[in-house]
Amino acid sequence: MIFIDACLKKPTPYTPVWMMRQAGRYLPEYMRVRAQAGDFLSLCKDYKKASEVTLQPVEILGVDAAILFSDILVVPLEMGMDLRFEKGEGPVFSDPLRDKAGLDALSIEKSTKNLAYVYDTIKLARENLAKDKALIGFCGAPWTIATYMIEGGGSKTYAICKKMLYQNPEFLHQILEKVTQALIFYVKEQIRAGVNAVQIFDSWAAALEEQAYFEFGFNYINKIVDSVKAEFPEIPVIVFPKGISGYLDKISGKFDVFGVDWSTPIELAKAKLSPRYVLQGNMEPTRLYSKKAIDEGVDKILSTMKGAPHIFNLGHGILPDVPVENAKYFIKQVQTKSAK
């Protein structure tokens, strides 16, 4: 598998490429399956349909890896929280986590068992995926998941969560510890079900100042990485903390790949983290609106990363109104231009 070889710094015939959110709304085929499922969560829970959309980008675009179709918030949902997705608003927890009783009511055991539909999605997808293509599993980082649980949904200020961080840090650590333990079980079950690599998404990493981020954020990512690597040393682990270009000097851990978001100059990430880690990324997603912009972005990143371990990706998820033709063009350009 070219993607796995690249994660492990083995030589590859070209730079492998995939996209975050590649199974998504820009694909008419995805929209058809989603309409049949009814709504987003129903699609996540229908393992046959979820595995079908997991595979679509490999078949349609020719990417080098499929990523499991699911959502980071299925973990708190199956721990016992009430989750719904509101149109135009995104995820909403009707009863946010604010006290010890709420935390005690959440069950790690229950979540691991209730997430069987994810493991079934993985088994079916792996069965139907070409042998030379990797299947990536994933989870959200504890800090990002906890912010949703505490705030009750997405937030611009993270005020409730950060108030807790400074007023009651012990309780926030208890929440993060419990979420971390649930995620460790979840990721290991994904590996047992058949994923070839795992990515940890820390979408809200940039919400915290440096000291707080390493104590309440990256510290817990490393707990997951350490536990996974102790049991499955051969499985590559990718971390993607978004928006922390100023903290790169302090980044360290047993993970294999560091996902670079588009706001972090790839030259900076290379100077600070390569070749210690394989870098993944980091083309600005809106370049996909123009083939000329795609060419410029691909050329610049490939020339910067020449000779250094690299996986090509966008610096965040592909947007819903990107033309499919442009997405195909992007994948082909990376594979062709980087061919040794």
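The legends below describe close-up views of one predicted model.

Local features are reported where pLDDT is at least 70 and side-chain atom pairs at pLDDT 80 or more, while totals for chains, interfaces and linings use all residues. Residues are numbered from 1 along each chain as its sequence is written, and side-chain values use heavy atoms, with hydrogens and water left out.

**View 1. The whole chain holds 15 helices and nine strands.**
Helices (H or I, at least four residues) and strands (E, at least two) are DSSP runs, numbered from the N terminus. The C-alpha trace spans about 55 × 45 × 40 Å along its principal axes. The radius of gyration is 19 Å, which agrees with the value near 20 Å for a compact globule of 340 residues. That radius is taken over C-alpha atoms, and the globule rule is 2.2 Å times the number of residues to the power 0.38. Of the 340 residues, 58% count as buried. Buried means under 20% relative accessible area, exposed over 50%, and partly exposed in between (1.4 Å probe, protein chains only). Take the contacts between residues at least 6 apart in sequence: 73% of them join residues at least 24 apart. A contact here means heavy atoms within 4.5 Å.

**View 2. Seven strands form an open sheet with parallel pairing.**
The strand order is 1-4-5-6-7-8-9. Strand 1 and strand 9 (310-311) are the edges, and each pairs on one side only. Two strands pair if DSSP finds at least two bridges between them. Strands of a sheet pair through backbone hydrogen bonds, either parallel or antiparallel. Strand 5 (residues 197-202) runs parallel to strand 6 (residues 237-241), and five bridges join the two. Glutamine 199 has isoleucine 238 as its bridge partner in strand 6.

**View 3. Strand 4 (residues 134-140) is mostly covered.**
Seven of its seven residues are buried. In a regular strand the side chains alternate between the two faces of the sheet. On one side of strand 4 sit Ala134, Ile136, Phe138 and Gly140; on the other are Leu135, Gly137 and Cys139; all are buried. Strand 4 pairs with strand 1 (residues 65-67) over three bridges, in the parallel sense. There, alanine 66 is matched with leucine 135 of strand 4 as its bridge partner. Strand 4 also pairs with strand 5, again parallel, over five bridges. Glycine 140 has phenylalanine 201 of strand 5 as its bridge partner.

**View 4. The largest pocket has a volume of about 1600 Å³.**
The closest residues to its centre are Arg21, Arg25, Phe40, Asp71 and Phe85, out of 47 that line it. Helix 2 (28-37), helix 3 (40-45), strand 2 (83-86), strand 3 (90-93) and helix 9 (142-151) each give two or more residues to the lining. By class, the lining has 24 nonpolar, twelve polar and eleven charged residues. Ala, Val, Leu, Ile, Met, Phe, Trp, Tyr, Cys and Pro count as nonpolar, Asp, Glu, Lys and Arg as charged, and the others, Gly among them, as polar. Pockets are found on a 1 Å grid over the protein atoms alone: a pocket is an open set of points where a 1.4 Å probe fits, with protein on both sides within 12 Å along at least five of seven lines, and lining residues have an atom within 4 Å of a point. Grid points are joined across faces, edges and corners, and a volume is the space filled by probe spheres set on the points.

**View 5. The second largest pocket holds about 440 Å³ of space.**
Its lining counts 19 residues, and Thr15, Met305, Gly307, Ala308 and Lys340 lie nearest the centre. Helix 14 (residues 291-305) gives the most to this lining, with four residues. The lining divides into seven nonpolar, six polar and six charged residues.

**View 6. Two cis peptide bonds flank strand 8 (278-280).**
The bond from serine 274 to proline 275 is cis, with omega near 0°. Proline 275 lies in the loop between helix 13 (266-273) and strand 8. The bond from glycine 281 to asparagine 282 is also cis, with omega near -10°. Asparagine 282 lies in the loop between strand 8 and helix 14.

**View 7. Lysine 9 and tyrosine 158 have positive phi.**
Lysine 9 is not a glycine, yet its phi is about 60°. It lies in the loop between helix 1 (2-7) and helix 2. At 43% relative accessibility, lysine 9 is partly exposed. Tyrosine 158, also not a glycine, has a phi of about 60°. Its place is the loop between helix 9 and helix 10 (159-167). Tyrosine 158 is buried, with a relative accessible area of 10%.
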